[in-house]
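Visitor: Could you take me through one part of this model up close? I'd like to hear what sits on the outside and what is tucked away.

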Amino acid sequence: MVALLVVLVVLVVAGLVASARAFKVVQQYEQGLIFRFGKVLPGTRGPGLTVIRPIGDRLQKVNMQIVAMAVPAQEGITRDNVSVRVDAVVYFRVVDPIKAVVNVQNYMFAVSQQAQTSLRSIIGQSEMDQLLAERDSVNRELRRIIDEPTEGPWGIRVERVEIKDVNLPEGMKRSMSRQAEAERERRARIITADGEYQASKRLAMAANVMARDPAALQLRLLQTVVEVASERNSTLVMPVPVELLRFFERMAPAAPGPSPEDTGDAEVAEAEAEISGAAVPELASPGAPGIPPAAVPEIDESAIPPVPEEIVDAPMTASDGQADPQAEVPGS
């Protein structure tokens, strides 16, 4: 009787153990693979309660969720010879559980290594401006490079790849900041010049309107005075219209000035006459051709006294070229 009771207890325990091994629960986000004596069975077990053989079968669950894997920062040199440090994020999931379990020993580690290698490759193929400004095209190319060897043989599909950060050297950052500052200054100058051009056109149109109606200029002058006086200044600037100055200029008598035909010939002739001691001849009025100028009177040579020989033969000094008054006169 005791032996029978022991046998029953052993059978119950064995049944419980067999039931625990035979009944498995697969989660909603998982797929189950059945290995029977080491050989994978075709097909997978869906989520829920599933039954397997307690002896010879083994259930392996595969997570079908999207995995976000951070790719460590990779240093490289771009195509335009700029040293950069780039890190990224890879989003992938398992689409074929059998390939992911059978063909790859550890598909998580394999995808991580493939992503790092592909990131280094894309850095060398791209330029610095592409990494900074054309992120979408670089992400698509990086996804294609990673997904090409993984989806077919590994059963892993890369959903998307995002470059998180691009670290540049400090010297390159300063150069880019100077370039951006120069670009902003250029745009500011262009905008200012465009504004000046448009304002000049408007001012020219306003001046044209005021020129046709002088009262408009007077009204504008009064408005300017009102604007200046409204600021409670101690000094009041009263502009004088240009038309008023032109009016006074027209009303003022003209100052007498030299005739445009007077060339100064009369003064020259008078000075020559004083030097020669002759009478001043009357000059003909300019513009009256045919009248000859007055003749110069002849001088009688006998009226000029002779020069003494003693004075002529006097020795000359070497210093100033004049006669020495203390020199002996020959024949004296």
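Guide: Here is a walk that begins at the start of the chain and then moves on to the sheet and a later helix. Keep in mind that this is a predicted model.

Let's begin with helix α1, which covers residues 2–22 and is where you'll find Leu11. Leu11 counts as exposed because its relative accessible area is 55%, and the cut-off for that label is over 50%. Leu11 also has company: together with Met1, Val2, Leu4, Val6, Val7, Leu8 and Val10, Leu11 makes up a nonpolar patch on the surface. Taken together, the residues of that patch have about 850 Å² of accessible area.

Next, the sheet. It is an open one built from 3 strands, paired antiparallel, and the order reads β3-β2-β5. At the edges sit β3 (39–40) and β5 (57–63), each of which pairs on one side only. Look at the join between β2 (residues 30–36) and β3: the two strands run antiparallel, and 2 bridges link them. If you want a spot to click on, try Phe35, which stands opposite Val40 in β3.

Last stop: helix α3, residues 107–125, where Ser118 lies. Ser118 is buried because its relative accessible area is 2%, and anything under 20% gets that label. So what does Ser118 touch, leaving aside its neighbours within four places in sequence? The contacts are Leu142, Ile145 and Ile146.

To put the two residues side by side, Leu11 is exposed, whereas Ser118 is buried.

Key:
Residues numbered from 1 in each chain as written. Predicted model: local features only at pLDDT ≥ 70, side-chain atom pairs only at ≥ 80, totals over all residues. Heavy atoms only, no water. Patch = residues over 30% accessible without salt bridge, like charges linked within 9 Å, V, L, I, M, F, W, Y side chains within 5 Å. Areas by Shrake-Rupley, 256 points an atom, 1.4 Å probe, with all protein chains shown as cover. Salt bridge = Lys/Arg side-chain N within 4 Å of Asp/Glu carboxyl O. Helix = DSSP H or I, 4+ residues; strand = E, 2+ residues; numbered from the N terminus. Buried < 20%, exposed > 50% of the residue type's maximum accessible area, 1.4 Å probe, protein only. Pairing = 2+ DSSP bridges. Contact = heavy atoms within 4.5 Å.
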